[in-house]
Every structure is written in structure tokens, then in C-alpha cells.
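Work through these exercises with the model open beside you. Try each task before you read its solution.

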Amino acid sequence: MRFLTSLLFALLLAVALAIGAYAASWSLRREPRTDVAPPATPPAAALPTPTRLADSADFARTMPPAPERGDPMFAELTIEVVGLPPAWRSPSAGLAVATRGGAGGIAWSPLPDAPGGDGVLRFRQACAIGDEVVVALAPARTNALRSYFARAATTVAAASTLRLDATGAEVVIRRAADAHRSGPFQLRRDDDDSWLPADAPAGVHLDAPLRLWLGAGAYTLRDAAAPAHRAAFSVPATTDVAVSDPPRPAADDRR
């Protein structure tokens, strides 16, 4: 038994010496390592000193600038407002001038303190010749081209004057004495589907009489629940609008 143990130990020792000798001979055959320095990093380019950009007129652009004397591209448009009811005037009211489509922005002018000696309010605005210009008299600048009291359009010529009829009246809209429905109703101008009332929400409720300043024109009050039920009126001919209930269906229709 001792002989076998000694023989096994001798074999293991011989294997270990052989592995060590092989590793030593392999390391002698390898070429010596040569360290290579990394390439030098080029210096960073110096940044230019920041400078402030020139102010751009695009940020404050509304209507075209005032024309220079003799400039053939621009003309002064004179807007004459007539028939404005004195009771309608308010500190926020004014005149909006814009090109058709609103691409050039809106020029806003508050109402003057008093009209001229002839009772006419006059506004002057520089516009490009040939542009189609929309003019709107509105109770406020916000949404002036839709919630307007009066509106007109013209094509600007070398010497243009636009007369804007601001005739209007305060209209009372109420339920008829025998009516029970209070709404909601939608008030629209017959000649402009985009018009919205400035002094009332989109859905008009008649729990109490509603008083609105409306410019001259034809209007329709539509019943949201019964589209066929409508009340049509014109201003300033009509100032009291009584809204009745929609007609009840006939007995044969209820079957």
C-alpha cells in the first residue's frame, strides 16, 4: 500500500513539473511587449464670443408698417363708422383691421373718446394696395373678427374709404308667456355661420330674459333639442323676441 501511494505521488509531481516546464518554454518564445503611447489629442477649437441677435420685427408684426411718402405699394385706408349707439360704447371696445384670412395679424384701435363734429368715428390704417381687408367693430379685441357688432370688407386701392354702418339695438330674448322650455338655444347671424354672440355663451338659456347688444342684420335662434324649431328676427326692427315651445307632434305621429 505504501508503495502505491509513493508511486501516485511521484506521478503527480512529474505531471506538475511537465506543465511548469511547458509554460516556461512558451513564455520564452513570446515576443517582448512594447508599450505604444496613445496619439495626442488635438486642442479644442476656441468658441466665438456670443453676441446678441438683432431684434426681429416678426415678433411684433400686426399690420404692414406705415408707408413712406411716395411708396406705391401701400395706401392709407380710412374707415368711417356711422350710426354707433352711444349706449353701446365701452372702454374695451374698438376697431379690428385684418387682411382676409388673418395672415398679417390684427391691428386694433380703441374707440376715440368722441366722434368728429359730423358724428362720424374715423380710423386710418396703412394697408398694402390690392389686399382684401376685413374691418370689424367689436366689444373687445379678443375674438373681434367673430364676436363683432358690425363688419365690412373692401379691397384696398390707392385712396380707399370704407364706411361701416354700426346701427344696432339692445334686444331682449325671453320665453313666451305660455312656453316652458328654457333652452339651450343657439343664436346665429344668418349671413355669417362663424359669428358668435359676445355677451352670451354658445348655449343660451332663457330661465330669465336675456339682453344683448346686436348689430343690424338677420338672426335666428335655434333650438338645440329640436333643430326644426327656430325663431327668426331682424335688428333693429325687432327688439323683443318671445320664444315659444316647439309644436307637439300630432296624435298619428306618436303611434
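**Exercise 1. Which residue in β10 does Glu170 stand opposite?**

Solution. Some conventions come first. This is a predicted model: local features need pLDDT of at least 70, side-chain atom pairs count only at pLDDT 80 or more, and totals for chains, interfaces and linings use all residues. Residues are numbered from 1 along each chain as its sequence is written, and side-chain values use heavy atoms, with hydrogens and water left out.

- Step 1. Find strand β8, residues 168-175, and strand β10, residues 210-215. Strands (E, at least two residues) and helices (H or I, at least four) are DSSP runs, numbered from the N terminus.
- Step 2. Check the pairing, for which DSSP must find at least two bridges between two strands. Here β8 and β10 run antiparallel and are joined by six bridges.
- Step 3. Read off the partner: Trp213 in β10 stands opposite Glu170.

**Exercise 2. In which sense do β8 and β13 pair?**

Solution.

- Step 1. Locate β13 at residues 240-243.
- Step 2. β8 and β13 pair in the parallel sense, over four bridges.
- Step 3. Take one bridge as an example: Val172 has Asp240 in β13 as its partner.

**Exercise 3. Describe the sheet that contains β1.**

Solution.

- Step 1. Start with the inventory. The protein has one helix and 13 strands.
- Step 2. Order the strands. β4-β1-β7 is an open sheet of three strands with mixed pairing.
- Step 3. Mark the edges. β4 (121-128) and β7 (160-165) each pair on one side only.
- Step 4. Get the twist. Neighbouring strands of this sheet are turned by 25 degrees against each other on average, direction ignored. The axes are lines fitted to C-alpha atoms, for helices over the stretch in contact, and angles run from 0 to 180 degrees between N-to-C directions.
- Step 5. Inspect one pair. β1 (residues 74-82) and β4 are antiparallel over eight bridges. Ala75 is bridged to Cys127 in β4.

**Exercise 4. Is Ser160 buried or exposed?**

Solution.

- Step 1. Place Ser160: this residue is in strand β7.
- Step 2. Apply the cut-offs: buried is under 20% relative accessible area, exposed over 50%, partly exposed in between (1.4 Å probe, protein chains only).
- Step 3. Ser160 counts as buried because its relative accessibility is 8%.
- Step 4. Add a distance. The C-alpha atoms of Ser160 and Ile129 are separated by 9.4 Å, with their positions 31 residues apart along the chain.

**Exercise 5. Which element gives the largest share of the largest nonpolar core?**

Solution.

- Step 1. Define the core: buried Ala, Val, Leu, Ile, Met, Phe, Trp, Tyr and Cys residues joined through side-chain atoms within 4.5 Å.
- Step 2. The largest core has 23 residues. Ile79, Val81 and Leu84 are among those with the most contacts inside it.
- Step 3. β1, β2 (94-99), β4, β5 (132-138) and β7 each give two or more residues to this core.
- Step 4. β1 gives the largest share, four residues.

**Exercise 6. Where does Ala216 lie?**

Solution.

- Step 1. Ala216 is in the loop between β10 and β11 (217-223).
- Step 2. Ala216 counts as partly exposed because its relative accessibility is 30%.
- Step 3. The C-alpha atoms of Ala216 and Val235, 19 residues apart along the chain, are separated by 4.8 Å.
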